[in-house]
2 protein chains.
Amino acid sequence: MTVNYDGTRYNGFQTQPDGNTIQDHLEKAIATIIGEKPKIHGSGRTDAGVHAIGQVFHFLTESTVPAERWPLALNGRLPKDIIVTNAREVHLDFHSRRSAKRKTYRYTINANQYPDVFLRHMQLHHPGKLNIEAMREALSHFIGTHDFTTFASKHSEKQSHIRTIYEARLEVDYSMTRPDTRDQGILHFYITGSGFLQHMVRIIMGTLVQVGEGKHAPDAISNMIAAEDRSEAGPTAISKALTMWGVHYEEFNT
Amino acid sequence: MTVNYDGTRYNGFQTQPDGNTIQDHLEKAIATIIGEKPKIHGSGRTDAGVHAIGQVFHFLTESTVPAERWPLALNGRLPKDIIVTNAREVHLDFHSRRSAKRKTYRYTINANQYPDVFLRHMQLHHPGKLNIEAMREALSHFIGTHDFTTFASKHSEKQSHIRTIYEARLEVDYSMTRPDTRDQGILHFYITGSGFLQHMVRIIMGTLVQVGEGKHAPDAISNMIAAEDRSEAGPTAISKALTMWGVHYEEFNT
């Protein structure tokens with residue numbers, strides 16, 4: 001199944017002791033249909049406050065409800081900020097996380113003078129001067145296969161920190177930019193990789209903001225990566241500006 | 001001053017007995033700066049739940065705070081969903097409402113299969129089949145100078161219901177539309193006129209939806225207008241999908 005959510009009110013995707021996660025709400029809604037609590041598996045965790053367009057999860061069921069009926073049935077049982085948009089039957093060897101080939105995240109910086117009153121729950125507001133071309137150049141240095149220890153939480157428990165970034169691009173939206181102001185546009189960063197370590201996109205973004213502020217040269221990124229040391233990178237940028245933007249599988253995309 | 005607001009939590013722009021209006025919050029914030037409660041005048045009312053990009057208001061003050069300092073000073077005192085984006089000194093004969101030459105409103109229908117999880121607070125969700133070209137044609141029949149009694153609230157107390165619609169256009173955003181689904185796009189209706197009667201845009205929209213559903217032919221609009229009878233038009237569409245999109249003055253635009 002594919003699910004979109006506004007992560008503002010939730011403690012992230014994955015079930016945890018404090019409750020109020022996307023997984024909790026999905027499992028509860030599914031349980032009212034199949035009569036027992038399922039165990040769902042997401043394509044990856046998202047932190048508290050992080051959003052998703054096209055998060056994918058799967059579960060095993062013997063329910064005879066046809067796949068195409070599930071989205072409406074679930075949406076009627078879910079909070080309004082969690083919306084299932086697709087459901088299909090898959091082979092038993094499909095696994096939302098292990099079968100995923102690529103994931104894309106989007107991170108959004110509002111570099112206009114004032115916050116966007118309608119989208120402030122999904123933007124980092126940075127009215128200060130940013131060197132957008134320097135940020136774009138720095139972004140390109142992440143592409144390729146690297147050990148991303150510098151850009152992973154120190155609490156990462158993964159055995160390997162080697163990941164591949166396939167694509168990283170910056171799109172600037174000037175549609176809300178007013179003439180004769182210090183507005184710099186809405187900056188959408190799209191990063192596609194084989195997988196992402198804990199806080200990886202947010203640490204990349206915290207570092208890119210420092211590049212934009214002139215605190216690092218764009219080509220400093222390569223040395224930071226080579227250092228394999230979290231303290232070489234910038235801070236972890238706020239979660240609310242991050243959206244899981246899609247998961248790609250070999251057989252079909254979502 | 002120019003102000004943007006997310007109207008979701010508010011009882012409309014103009015002060016009323018129940019309180020919690022945009023005007024109340026603005027006057028309270030201004031009072032903390034000038035030491036006395038001002039009386040502000042908006043370019044027009046917006047109903048409860050209606051949003052604004054570029055609502056304009058003015059007030060008289062002897063304050064010596066320079067105009068350019070006001071936005072940041074006020075934003076620090078306002079709720080996060082009300083943002084002042086511009087301030088300037090004007091002649092004493094300027095009046096936000098009386099000097100306004102044109103106003104533009106936007107109304108948004110999400111005609112995709114599922115609600116947009118991030119923008120559902122500003123969209124009417126209509127997943128059912130809509131004839132978009134019929135709606136576009138119907139929209140064009142509103143252009144011109146007409147008596148809009150048919151498209152005004154029965155509670156309207158205006159002496160004249162004659163208004164001029166200068167421009168009315170429909171833009172369809174297909175960026176969130178998924179292939180092989182019943183998604184029809186996000187429909188943004190922009191209507192610019194000399195002024196608008198109570199509920200006028202919402203009644204126009206409620207009628208256009210009926211046209212889209214095939215309940216009226218597009219050219220039925222002209223007869224509806226000619227009837228000068230509220231009962232000839234469709235229902236008043238929900239307020240949350242409406243945004244005041246700008247006010248135009250002779251001397252300067254916002």
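Chain B is superposed on chain A by a rotation of 180° with 0.0 Å of shift along its axis, leaving an RMSD of 0.0 Å, where the fit is by least squares on the C-alpha atoms of residues with pLDDT of at least 70 in both copies. That is the relation of a two-fold axis. The same surface serves both copies, since 100% of the contact residues of chain B recur in chain A, with contact meaning heavy atoms within 4.5 Å. Of the residues of chain B, Leu119(B) is the one whose C-alpha comes closest to the rotation axis, at 4.1 Å.

Please keep in mind that this is a predicted model, in which local features need pLDDT of at least 70 and side-chain atom pairs count only at pLDDT 80 or more, while totals for chains, interfaces and linings use all residues. Residues are numbered from 1 along each chain as its sequence is written, and chains are lettered from A in the order in which they are written.

Turning to chain A, we find five helices and 10 strands, which are DSSP runs (H or I, at least four residues, for helices; E, at least two, for strands). The C-alpha trace of chain A spans about 60 × 45 × 35 Å along its principal axes. Among the contacts in chain A with a separation of 6 or more, 71% come from residues 24 or more positions apart.

How much of chain A is buried? Of its 254 residues, 54% are buried, that is, under 20% relative accessible area with a 1.4 Å probe, counting protein chains only.

Definitions and conventions. Heavy atoms only, no water. Buried < 20%, exposed > 50% of the residue type's maximum accessible area, 1.4 Å probe, protein only.
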